[in-house]
Each structure stands twice: as structure tokens, then as C-alpha cells.
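Trainee: Hey, can you walk me through this one? I'd like to get the picture piece by piece.

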Amino acid sequence: MQLFKIIKPIPVLAPYIRYYWILQAEAGQALSERTLPVGCIQLVFHKGQRLLILKENKLQPQSFICGQTTEYSDVLSTGNIKMIVVVFQPYAGKIFFKMPLHLFHCQNIAVEDIDNKELLLLSKQVEETEEDETCIELIERFLLRRVPVLPEYNLKRVSTVLHQINEHPCMNTSQLAEIACLSNKQFGRVFTEYVGNTPKEFMRIVRLHRALFMLQKNPKIAFAQLAYECGFSDQSHMIKEFKLFSGYTPTEYLSVCPPYSDYFSNL
């Protein structure tokens with residue numbers, strides 16, 4: 001039996017938190033799952049058995065911050081699973097953890113390895129609390145104490161840039177730097193500090209998710225049209241990027257799972 005649900009944050013947190021998701025699954029047999037880069041950092045709490053990262057042959061930490069990734073990962077269930085995950089807006093994690101997000105790039109950093117006593121206390125409270133609703137309340141209290149009283153100007157810059165990336169598939173970094181009113185070098189530094197990926201890395205991930213979202217809405221769309229509308233240089237480029245980020249060509253991907261974009265489906 002498997003239960004999965006998405007919970008929206010309270011309105012005051014919505015500018016910073018996309019959603020929470022909760023997964024509960026009983027161990028009938030070991031199940032493997034392929035995860036793709038999603039464009040957002042996540043705070044993960046394991047309340048059941050941890051997932052095994054197959055490539056590294058090691059278990060995920062009990063509670064951890066999952067940084068921005070640039071490649072797919074295969075994970076294997078090792079028993080009864082109960083997970084609660086906080087998915088941050090792409091630009092927002094820095095204001096809660098008070099650290100540049102590039103420090104988490106392509107890493108799962110255990111809560112106990114971060115110098116944050118309140119976060120460590122939260123992880124223990126969530127682990128010991130049975131009711132999902134109470135766990136979310138505990139998480140939101142922690143987050144509410146960190147919402148900035150005054151908006152950070154660079155946060156506004158980066159959120160404006162991300163809106164442009166979401167709306168326009170063919171933006172380049174020079175155009176984005178101009179929107180942010182920064183030089184190219186300053187823009188790259190600020191963007192990476194807040195988002196955790198370089199602008200180019202992030203735009204490639206968004207381009208993949210745009211393609212997944214279009215396939216989700218129209219699985220029969222011609223690949224040449226899909227490549228054009230998503231901002232790939234051509235169909236060959238799209239296939240290469242699909243293979244890099246998912247391990248599959250578009251045709252292979254459609255044969256093993258229904259297309260779904262975590263990024264665009266929940267904007």
C-alpha cells in the first residue's frame with residue numbers, strides 16, 4: 001500500500017514554500033525509483049526506513065537538506081517508508097538556512113552536520129511525532145520564525161529573474177543580468193548564492209521540465225515541435241539533454257513512465 005499527498009503552505013509562507021509532500025509505503029518488496037533534478041532545494045525528514053542511494057551504495061541521512069542536483073539518481077526502498085518533504089521556492093532556501101545554497105550543490109547534507117540547533121530540534125520533533133498535521137505545524141512554526149520582516153533586495157531580483165525564465169524559454173544570461181540590474185559576473189554570483197545552481201544549469205533543468213510538462217499535456221506532440229517550443233537548439237539537442245538529466249531518450253522515457261513535471265505542475 002502506498003499513500004502520497006501534497007499539502008500547500010499557509011498563505012504567509014506561500015512566497016517561499018512551494019508545497020510539502022508526504023509519502024507512506026509499506027514494504028512488500030524493494031522498489032527502485034529514479035529521481036530527476038527538480039530545480040528546488042528540499043528539506044527531507046525520514047520517519048521510517050531510509051532510502052538507499054544506489055550509485056553511492058549508501059543510505060540517505062535521517063533528516064537532510066537536498067541541494068540542487070544536475071543529474072538523475074536511483075534510490076531503493078529498504079523497508080516501510082514514511083517521508084515528509086519541504087519543497088522550497090527555487091530562490092527562497094537561503095533566507096531560512098542563512099547559508100549560500102551553492103554549499104549544498106549536488107549533496108544531501110545531514111541536519112546534524114549543519115550548525116543549526118533549532119533545525120536539529122525540529123528534526124527530532126518531526127521524527128517523534130506521529131500525526132502528519134502536527135508535523136506540518138511544527139515545520140511551519142520553524143519556517144515562520146525565519147520569514148524576513150523586510151524583503152531582501154537580491155531575493156526580489158532573483159524571484160523576478162525566475163519568473164522570466166518560467167515564462168520565456170529562450171532567455172539568455174545577459175538578458176537575465178540586465179533584468180536583475182547587475183553585471184553578468186555579479187548576477188552569476190547572486191543567482192548561485194540564492195538558487196544553488198549557476199544560471200545556465202538552472203535554465204537547462206527548467207527547459208527539461210518544460211518539455212516534460214508539454215508531454216504531460218500532449219504526449220503525442222512531435223519531438224521537433226517540442227524542441228522548438230521549449231527552447232532547445234534542435235531535436236538532437238533535446239534528446240541529448242533528456243539523456244543527461246533522466247538517463248533516457250524522450251522515447252525511452254515515455255515507454256517507462258508517464259511524463260510529469262514537478263516544476264511546472266506545481267507553479
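Mentor: Let's start with phenylalanine 4, which is found in strand 1 (residues 2-7). Strands here are DSSP runs of E with at least two residues, helices are runs of H or I with at least four, and both are numbered from the N terminus. This is a predicted model, where local features need pLDDT of at least 70, side-chain atom pairs count only at pLDDT 80 or more, and totals for chains, interfaces and linings use all residues. Residues are numbered from 1 along each chain as its sequence is written, and side-chain values use heavy atoms, with hydrogens and water left out.

Trainee: Is phenylalanine 4 buried or exposed?

Mentor: Phenylalanine 4 is partly exposed, at a relative accessible area of 48%. Buried means under 20%, exposed means over 50%, and partly exposed is in between (1.4 Å probe, protein chains only).

Trainee: Which sheet has strand 1 in it?

Mentor: An open, antiparallel sheet of 6 strands, in the order 1-2-9-4-7-10. Strand 1 and strand 10 (108-110) are at its edges with a single partner strand each, so one side of each is left without a neighbour in the sheet. The twist averages 20° from one strand to the next.

Trainee: How many bridges pair strand 1 with strand 2?

Mentor: Strand 2 (residues 17-25) pairs with strand 1 over 6 bridges, in the antiparallel sense. For two strands to pair, DSSP has to find at least two bridges between them. Isoleucine 6 stands opposite tryptophan 21 in strand 2.

Trainee: And which strands does helix 2 touch?

Mentor: Helix 2 (residues 117-128) packs on the sheet and touches strand 4 (42-46), strand 7 (63-66) and strand 9 (81-88). Its direction makes about 45° with that of strand 4. Helix 3 (residues 132-144) packs on the sheet too, touching strand 1, strand 2, strand 4 and strand 9, at about 30° to the direction of strand 9. Contact means heavy atoms within 4.5 Å, while the angles run from 0 to 180 degrees between N-to-C directions, with axes fitted to C-alpha atoms (for helices, over the stretch in contact).

Trainee: What does serine 123 touch?

Mentor: Serine 123 lies in helix 2 and touches Phe45, Ser63 and Val111, leaving aside residues up to four places away in sequence. Serine 123 counts as buried, at 7% relative accessibility.

Trainee: New topic: what order do the strands take in the sheet of 4?

Mentor: They go 3-8-5-6, in an open sheet with antiparallel pairing. Strand 5 (residues 52-53) is joined to strand 6 by 2 bridges, and leucine 52 has leucine 59 as its bridge partner in strand 6.
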